[in-house]
Structure formats: C-alpha cells, structure tokens
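Hi,

Here is the structure I said I would pass on to you. Have a look at it first, and then read my notes below with the model open beside you.

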Amino acid sequence: MNAYKVTVTDTATLLIAADNIHRAIWLHNNTNETLYIGGSDVSVEEGFPTLKHTAPVERVLGINDTLYGIAEAGKSIDLRVLIPPVD
C-alpha cells in the first residue's frame with residue numbers, strides 16, 4: 001500500500017491518478033472542513049461531500065478513473081490517502 005498526504009484547497013486538486021486496475025482507496029480528512037470529491041470538474045455545489053475528521057472513507061475506483069477533491073472558498077484540507085501501488 002502507498003500512503004501520502006495531499007493539501008486540498010478551493011481549486012480542484014488531483015487526489016488519485018488513473019491506473020489500469022480497479023482499486024480500493026481510503027481517504028482520511030484530517031481537518032474539520034468538508035472535502036468534496038468527484039471528477040476533474042468537481043465543485044463544492046456538486047461534489048460528493050465527505051465527513052469532517054472522522055473514520056476514513058473507503059471507495060472503489062474503476063479502471064482509468066481519477067479522483068479530485070476541493071474545499072470551500074478560502075479553506076484548506078489536510079487529506080491522507082491510502083491506495084494499492086500503481087502498476
């Protein structure tokens with residue numbers, strides 16, 4: 001498994017790049033701000049909200065899927081990501 005930190009701001013930020021396999025991924029929002037996830041066009045208005053500073057969120061990414069995140073205007077999120085190694 002690979003673990004890394006991503007700082008997410010109010011600009012769409014790539015969280016997980018595409019790979020040629022299905023992958024289980026875990027995200028842990030290490031702040032008290034809401035993280036919104038989605039595609040490269042993710043927005044606060046239409047992104048999928050994740051809970052603040054709680055247990056990690058588990059998702060499955062499909063083949064060649066990417067994941068982006070965004071925070072509310074003026075906010076910053078300390079996000080931890082855990083994924084299987086890229087092929």
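**A buried aspartate and its partner**

Let's start with Asp-78, which is buried, because its relative accessible area is 16% and the cut-off for buried is under 20%. Before going further, please keep in mind that this is a predicted model.

You'll find Asp-78 in strand β8, which covers residues 77-83. Which residues does Asp-78 contact, once its neighbours within four places in sequence are left aside? They are Lys-5, Val-6, His-28, Asn-29, Asn-30 and Thr-31.

Now look for Arg-80. The side chains of Asp-78 and Arg-80 are joined by a polar contact of 2.9 Å. The pair also counts as a salt bridge, with 2.9 Å between the closest N and O atoms of Arg-80 and Asp-78. As a bit of background, side chains of opposite charge can pair when their charged atoms come close. How many salt bridges does the structure hold? Just one. The two partners differ in how they sit: Asp-78 counts as buried at 16% relative accessibility, while Arg-80 counts as partly exposed at 35%.

**The sheet around β8**

Strand β8 belongs to an open sheet of four strands, in the order β1-β8-β3-β6, with antiparallel pairing. Which strands stand at the edges? They are β1 (residues 2-8) and β6, each with a single partner strand, so one side of each has no neighbour in the sheet. From one strand to the next, the twist averages 25°.

If you zoom in on β3 and β8, you'll see that they run antiparallel and are joined by four bridges. A good place to check this is Trp-26, whose bridge partner in β8 is Leu-82.

**An arginine without a salt bridge**

While you're in this sheet, go to Arg-23 in strand β3, which spans residues 23-29. Arg-23 is buried, yet it has no salt bridge. How far away is the nearest side chain of opposite charge? That is Asp-19, at 4.4 Å, and a salt bridge is defined as needing the atoms within 4 Å.

So what do the polar atoms of the Arg-23 side chain have around them? One of them lies 2.9 Å from the backbone oxygen of Ala-17. The backbone oxygen of Asp-65 is 3.5 Å from a polar atom of this side chain.

Not counting residues up to four places away in sequence, Arg-23 touches quite a list. Here it is, so you can click through it:

- Ile-16, Ala-17 and Ala-18
- Arg-59, Val-60 and Leu-61
- Asp-65
- Ile-83 and Pro-84

**The other sheet**

There is another open sheet of four antiparallel strands, and its order is β2-β7-β4-β5. Here β2 (13-16) and β5 (48-50) stand at the edges; each has a single partner strand, so one side of each is left without a neighbour in the sheet. Ignoring direction, neighbouring strands of this sheet are turned by 40° against each other on average.

Try following β4 (residues 35-38) through its pairings. β4 runs antiparallel to β7 (residues 67-70), and three bridges join them. β4 also pairs with β5, again in the antiparallel sense and over three bridges.

Which residues stand opposite Tyr-36? In β7 it is Ile-70, and in β5 the bridge partner of Tyr-36 is Pro-49. Next along, Ile-37 stands opposite Gly-69 in β7.

**Two loops to look at**

The loop between β6 (57-61) and β7 holds Asn-64. Most residues other than glycine have a negative phi. Asn-64 isn't a glycine, but its phi is positive, at about 65°. Is Asn-64 buried or exposed? It is exposed, because its relative accessible area is 53% and exposed means over 50%.

The other loop is the one between β4 and β5, where you'll find Asp-41. Asp-41 counts as exposed too, at 66% relative accessibility. From C-alpha to C-alpha, Asp-41 and Ala-18 are 15 Å apart in space, and they are separated by 23 residues in sequence.

That's the tour. Send me your questions once you've clicked around a bit.

Cheers

Conventions:
Residues are numbered from 1 along each chain as its sequence is written. This is a predicted model: local features need pLDDT of at least 70, side-chain atom pairs count only at pLDDT 80 or more; totals for chains, interfaces and linings use all residues. Side-chain values use heavy atoms; hydrogens and water are left out. Two strands pair if DSSP finds at least two bridges between them. Axes are lines fitted to C-alpha atoms, for helices over the stretch in contact, and angles run from 0 to 180 degrees between N-to-C directions. Buried means under 20% relative accessible area, exposed over 50%, partly exposed in between (1.4 Å probe, protein chains only). A polar contact is a pair of N or O atoms within 3.5 Å; within protein, one must be able to donate a hydrogen and the other to accept it, and residues adjacent in sequence count only if both atoms are side-chain atoms. Contact means heavy atoms within 4.5 Å. Lys and Arg count as positive and Asp and Glu as negative; His and the chain ends are not counted.
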